[in-house]
Amino acid sequence: MDLTHRPRRLREDRVRELVSETSLEPADLIAPVFVDATTGERQPIESMPGHERVPIEDSVARVEEVLETGVEAVMLFGIPESKDATGTRAWAEDGVVQEATRRITAETDAYVITDVCLCEYTEHGHCGTLEPGIRETETGSREDPSLTVDNDATLESLRKTAVSHAAAGADMVAPSSMTDGMVGAIRDELDGEGFDDVPIMSYAAKYESAFYGPFRDAADGAPAFGDRRHYQMDPANAREAMREVRLDVEQGADVLLVKPALPYLDIVADVRREFEQPVAAYNVSGEYAMLHAAAEKGWLDLEETARESLLSIKRAGADLILTYFAEDIAEQLR
């Protein structure tokens with residue numbers, strides 16, 4: 001038996017780390033933070049153990065907790081004090097994200113990324129202004145005047161929202177609505193208002209996924225009717241993702257994000273191979289919640305599976321990982 005080649009030689013403890021191909025560092029991670037304008041105290045998120053909504057007054061303290069773990073960047077999501085048909089609180093000067101951003105950037109060294117979308121701000125829970133569309137029913141299709149997002153009208157709202165975040169001090173804006181042309185529209189508006197140094201992290205390939213459930217509880221952004229199949233990507237499509245990403249690159253995206261992460265590692269790898277921009281992946285709420293649920297049953301080790309999950313995302317090609325495990329994993333790594 002020829003045992004000239006013995007890969008196990010390099011698996012002993014003293015050499016294992018020296019030949020490790022992929023590393024995971026706290027600086028690779030971005031921690032989501034939920035700021036709620038409707039509450040005066042922290043509110044635990046039942047479907048996302050360990051996470052909570054925090055009032056604006058507590059946003060700085062929450063971010064300082066993140067920084068203590070070694071994570072340097074946060075993504076802010078806002079729950080506004082009121083909602084309407086077009087989501088006008090998304091770009092209000094005194095809006096929840098705007099106010100939290102001003103406080104956090106003034107009092108901490110965190111790198112602040114802001115979610116630019118409308119689903120948390122519209123009373124119908126969709127990611128933009130609505131126009132008439134078709135809804136399928138058991139007896140056939142019928143007109144529904146409140147189903148389809150008006151793409152071009154939504155662009156105007158996204159422009160205003162991104163600029164309001166930049167004016168409040170956001171270091172980076174992250175449009176997540178999968179609106180055609182959103183990167184170009186936001187880049188044009190930012191540059192025109194003197195924010196040409198603010199980068200855009202585009203949710204370039206965002207799939208219509210069943211893994212978003214806990215987030216919609218956390219951000220109070222679930223659709224009041226229907227779903228988002230008509231503007232988020234079909235989970236069956238991979239080639240389409242490359243088209244979506246290429247369009248965002250052409251429009252000036254600085255960072256390319258794939259969402260979700262674990263069910264779409266092939267997309268992360270494809271984006272890494274095809275494009276030169278930094279690649280981010282969103283380890284979403286459902287991915288987080290299912291590991292917690294299994295760990296609570298005693299079926300797996302939460303710490304080990306969480307770390308292995310993030311390592312797989314990094315190995316697939318992500319430079320940055322937006323994850324609810326950010327703080328726990330960063331503390332492990334330290």
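Here is a friendly conversation between a visitor and a guide about this predicted model.

Visitor: What kind of model is this, and how are residues numbered?
Guide: This is a predicted model, in which local features need pLDDT of at least 70, side-chain atom pairs count only at pLDDT 80 or more, and totals for chains, interfaces and linings use all residues. Side-chain values use heavy atoms, with hydrogens and water left out, and residues are numbered from 1 along each chain as its sequence is written.

Visitor: Which residues does UniProt list under "binding site" together with S285?
Guide: UniProt positions follow the numbering used here, feature names are shortened, and annotations may be inferred rather than shown by experiment. In this unreviewed entry, the "binding site" that includes S285 also lists Y324. They span 40 residues in sequence, yet no two of their C-alpha atoms are more than 7.1 Å apart, so they gather at one spot. The partner of S285 in the record is Y324.

Visitor: Where is S285 found?
Guide: Helices here are DSSP runs of H or I with at least four residues, strands are runs of E with at least two, and both are numbered from the N terminus. By that rule, S285 belongs to residues 285–296, which form helix α9.

Visitor: Is S285 buried or exposed?
Guide: Buried means under 20% relative accessible area, exposed means over 50%, and partly exposed lies in between (1.4 Å probe, protein chains only). S285 has a relative accessibility of 1%, so the label is buried.

Visitor: Which residue has its backbone oxygen 3.5 Å from a polar atom of the S285 side chain?
Guide: A polar contact is a pair of N or O atoms within 3.5 Å; within protein, one must be able to donate a hydrogen and the other to accept it, and residues adjacent in sequence count only if both atoms are side-chain atoms. For the side chain of S285, the backbone oxygen at 3.5 Å belongs to F211.

Visitor: What is the relative accessible area of Y324?
Guide: Y324 sits in the loop between β12 (320–323) and α11 (326–333). Y324 is nevertheless buried, and its relative accessible area is 2%.

Visitor: Which cysteine from the other "binding site" annotation helps line the second largest pocket?
Guide: That UniProt annotation, also from the unreviewed entry, covers C117, C119 and C127. A pocket is found on a 1 Å grid over the protein atoms alone: it is an open set of points with protein on both sides within 12 Å along at least five of seven lines, and lining residues have an atom within 4 Å of a point. The cysteine in the lining of the second largest pocket is C127.

Visitor: How many salt bridges does the whole structure have?
Guide: A salt bridge is a side-chain nitrogen of Lys or Arg within 4 Å of a carboxyl oxygen of Asp or Glu. A search of the whole structure with this rule gives 18.

Visitor: How many residues apart in sequence are the parts that E327 and R62 tie together?
Guide: E327 and R62 meet through their side chains in a salt bridge, at 2.6 Å from N to O. E327 is in helix α11 and R62 in helix α2 (residues 59–68), so the pair ties together parts whose separation in sequence, in residues, is 265.

Visitor: What separates E99 and R102 along their helix?
Guide: Their side chains form a salt bridge of 3.2 Å, N to O. E99 is partly exposed at 23%, and R102 is partly exposed at 31%. Being 3 residues apart in helix α3 (residues 96–107), E99 and R102 are separated by about one helical turn.

Visitor: Which partner of R187 in a salt bridge is partly exposed?
Guide: R187 is buried, with a relative accessibility of 13%. The closest N and O atoms of this salt bridge are 3.7 Å apart. At 31% relative accessibility, the partly exposed partner is D254.

Visitor: What is omega for the cis peptide bond between K259 and P260?
Guide: P260 is found in the loop between β10 and α8 (265–274). The bond joining K259 to P260 is cis, with omega at about -10°.

Visitor: What is phi of M178 near?
Guide: M178 is in the loop between β8 (172–175) and α5, and is buried at 6% relative accessible area. Phi is positive here, in a residue other than glycine, and is near 55°.

Conventions:
On a 1 Å grid over the protein atoms alone, a cavity is a set of points where a 1.4 Å probe fits but cannot get out, and a pocket is an open set with protein on both sides within 12 Å along at least five of seven lines; lining residues have an atom within 4 Å of a point.
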